[in-house]
Structures are given as C-alpha cells and as structure tokens.
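Please open the model in a viewer with the cartoon and side chains available. The stops below are given in the order in which they may be selected.

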Amino acid sequence: MVIVMKANATEEQISGVEKFLSNLELGVHISTGSERTIIGVIGDKRILIDTPLEIMPGVDRLVPIMEPYKLVGKTFRPESTVINIQGVEVGGDSLVMMAGPCAVESEKQLIETAVFLKEQGVQILRGGAYKPRTSPYSFQGLGEEGLKLLARVREETGLLIVSEVVSTDSLEKALKYVDVLQVGARNMQNFDLLQHIGKSKMPVVLKRGLSSNIEEWLNAAEYILNEGNYQVILCERGIRTFETATRNTLDLSSVPLIKEISHLPIIVDPSHGTGKWNLVTPMARAAVAAGADGLIVEVHPNPQFALSDGNQSLNFESFSTLMDEIRKIAPILKRELSQ
Ligand code: PEP
Ligand code: MN
C-alpha cells in the first residue's frame, strides 16, 4: 500500500504518519517528490484495517498496489529516477555509454581499450573480473587482480568502472574498487546477493535473467530497493527463446514497457542480446530509438583472441561507427550523451 500525502502536508504530519506506522511495526519508505510526499508501507497491511490512517492530518489517499513489487513501481515514484554516479547521470534525458571487454585479461588489453573508449566519449568502463562461465573449463576471470587493474585504469583515464559480482565474497572485494556493481543474468535471482547489494548503497546494473519475465526482474530490483538502495539500473540483455540463430532474443519491447511501469532507468546490452558482433550496432540503434537510457557494449582490441565473448565483441573500428550513429540518433530522441 502507498499513502499519498496532500501537496501541502507538513513535515510534522508526515512524521506523524511515519510514527503511527512504526508503532504498528510496519516499515516505511518515503519518497519526497517535487509535488508531494508518498509513503510506501512495508509489512502486513492487514493490521491497518479499521485504523484511522485515511483521516490522519496531511493524508490525501491510500492506494492499494496490486503489483507484487512496490518500490520499483511508478505508483510509488511517478517521476523517473536519475542516478548520479560521480557526476555521470543515468536516466532522465541522458544517454549513458558503458563499454569494455567481456573479461579483464591483462593490463595491456585493458588500458588500450580504456584509452580508446575515453577518446570515443564513453563514461563507464566495463570489464568482468569474476566471470560466470557456462563451462568450468573456460576462463574464469582474474578475480581480485582484475579488479585492481580496473581501479588502476580508472586512476589513469578517469573512466568510472562497472564490474560483475557473483557472490557476497566477490561483492565485498568489488566494493573497494568499482563505482558501479553488475549483477549478471545468472544471478538475477540470487536473493541473498541482491540483499547484500541493497545494504551496500552502491549503484548497480541489474541484468535481466536468462529466462526471467518482467515481473520477476522487477521483483529482483525490489529486493535491492527494499534494503534501502535506490540506485538500480535495469539492463535488458536478451532472453532464451526457441530461436537459435542468435544467442538470445533481445526483447526491446521491455524498454518502453518498463518505462510505463517503473521509474528506474533501463539500459540495453546488444552484445549478449545477440551474441553476434555484426548485429550489435543495428540493435544498439534500435535500443536508443526504443527509449533506452544507455547501452553497455563489449569491445575488445582483438576480438578473435578474446578469452570470452569474442564473437559478440566489437573491435575499435566498429565501436567508433556505433558511436557515430548513436550521436546522430540521440538528438532526435532529445537525449544527450552523458559527459
Ligand atoms: C557479461 O556482461 O559479460 C555477462 C556475463 O552478461 P550476462 O550476465 O548478461 O550474461
Ligand atoms: Mn560477456
């Protein structure tokens, strides 16, 4: 349930409602909008039946929420959330570009890629240090060493860093080195991990699960918000379907759909979404046209020698073309590339 306060409700009236709810051992999430304050109620709402909540001073109305999620929904927060990551805005009118190799392989590979991406106007460098690979015999990533390389490259280039965490152990390590966490498709429903990330208050890219529907995805985000971390960026990365011509089916309809039901920003990963480098740029264009708040793209100096996801990685030349095209499309959609 959500309590919509009157536009002129005073601080005292808001805290009166808060006190009333906490006396009943219900949790609250307060959203202070430009127009009015909205209070989300957490816990067993049945306790509120026959209470005078609706007629308390400052209360406009009570809105029962039908969706299983609440904090991620538009009813809770009608305005779009804009996440500010050390000056880089994600959401609103901005278009954020995240790019980099699937996996951090070496200092040379990372610095070469980072310097190129910086020149191209990318703001956030991606690079996996903990790689959740399908086969235990595939390259598993450099672990903490990879995180250290990412942190060093940030020092040298000023790029912000996003990197995947796969467990509470890797989360603890990543918190020391990165600016944005990534939860991969395989861990979208690792609820323990999501709760720990919620407590960390670090911005997080939450990828859609391989076979997850939109409701499951939003519920996964709800786990993070419910722990007090509102800095969640959703990432559509394609889902499993019967189609085998592409690695995944990139469900771009999720972009406008999410925009209707949630206030969270959403970016698109056309690399994992297609699995084929030659499809990445066309789908990146389509993602921006569909209203995505940004892109996350795999880029490698020599995709044919990449230790993971070479097939879907762009080389520098192709990435430069992608950026040229996105720069042309962005203004038509009144989007500004984040600085
Ligand atoms: C990745 O970003 O390299 C990755 C493993 O992505 P996903 O979790 O979407 O498969
Ligand atoms: Mn990858």
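Begin with residues 214-225 and 254-261, which are helix 6 and helix 7 of this predicted model. Their axes lie 12 Å apart and the helices pack at an angle of about 55°. Helix 6 and helix 7 are therefore oblique to each other, and the crossing of helix 6 with helix 7 is right-handed. Show the side chains at the contact: Ile-214, Trp-217 and Leu-218 from helix 6 meet Ser-254, Leu-257, Ile-258 and Ile-261 from helix 7. By class, the residues of this contact are 6 nonpolar, 1 polar and no charged.

Next, select Thr-246, which is found in the loop between strand 12 (232-236) and helix 7. Which residues does Thr-246 contact once its neighbours within four places in sequence are left aside? They are Thr-274 and Leu-279. Then add Lys-276 to the selection: 30 residues separate Lys-276 from Thr-246 along the chain, and their C-alpha atoms are 7.1 Å apart.

**The manganese site**

Centre the view on ligand 2, the manganese ion. Which protein atoms act as its donors? Cys-102 contributes SG, His-272 contributes NE2, Glu-298 contributes OE and Asp-309 contributes OD, at 2.0 to 2.4 Å from the ion. The spacing of these donor residues in sequence reads C-x169-H-x25-E-x10-D. His-272 belongs to helix 8 (residues 270-274), whereas Asp-309 sits in the loop between strand 14 (294-298) and helix 10, so this pair ties together parts that are 37 residues apart in sequence.

**Helix 2 and its two partners**

Select residues 107-120, helix 2, together with residues 316-332, helix 10. The two pack at an angle of about 20°, and their axes are 11 Å apart. That angle makes helix 2 roughly parallel to helix 10. The helices cross in a right-handed sense. On the helix 2 side, display Glu-112, Thr-113, Phe-116, Leu-117 and Gln-120; on the helix 10 side, display Phe-316, Phe-319, Ser-320, Met-323 and Arg-327. The residues of this contact comprise 5 nonpolar, 3 polar and 2 charged.

Keep helix 2 selected and replace helix 10 with helix 3, residues 144-157. At what angle do helix 2 and helix 3 cross? Their axes cross at roughly 35° and come within 10 Å; this crossing, too, is right-handed. Helix 2 supplies Glu-107, Leu-110, Ile-111, Ala-114, Val-115 and Lys-118 to the contact, and helix 3 supplies Leu-149, Leu-150, Arg-152, Val-153, Glu-156 and Thr-157. These residues divide into 7 nonpolar, 1 polar and 4 charged.

**The four-stranded sheet**

Finally, turn to the open sheet formed by 4 strands. In what order do the strands lie? The order is 2-3-1-4, with antiparallel pairing. Select strand 2 (27-32) and strand 4 (59-63) to mark the edges, where each strand pairs on one side only. From one strand to the next, the twist averages 20°. Strand 1, residues 2-5, runs antiparallel to strand 4 and is joined to strand 4 by 4 bridges. To examine one of these positions, select Met-5, whose bridge partner in strand 4 is Val-59.

Definitions and conventions. Residues numbered from 1 in each chain as written. Chains lettered and ligands numbered in written order. Predicted model: local features only at pLDDT ≥ 70, side-chain atom pairs only at ≥ 80, totals over all residues. Heavy atoms only, no water. Axes fitted to C-alpha atoms, helices over the stretch in contact; angles between N-to-C directions. Parallel < 35°, antiparallel > 145°, perpendicular 65-115°, else oblique. Left-handed = near helix turned anticlockwise from the far one by under 90°. Contact = heavy atoms within 4.5 Å. Nonpolar A, V, L, I, M, F, W, Y, C, P; charged D, E, K, R; others polar. Pairing = 2+ DSSP bridges. Donors = N, O, S within 2.8 Å, 3.2 Å for Na, K, Ca; no water.
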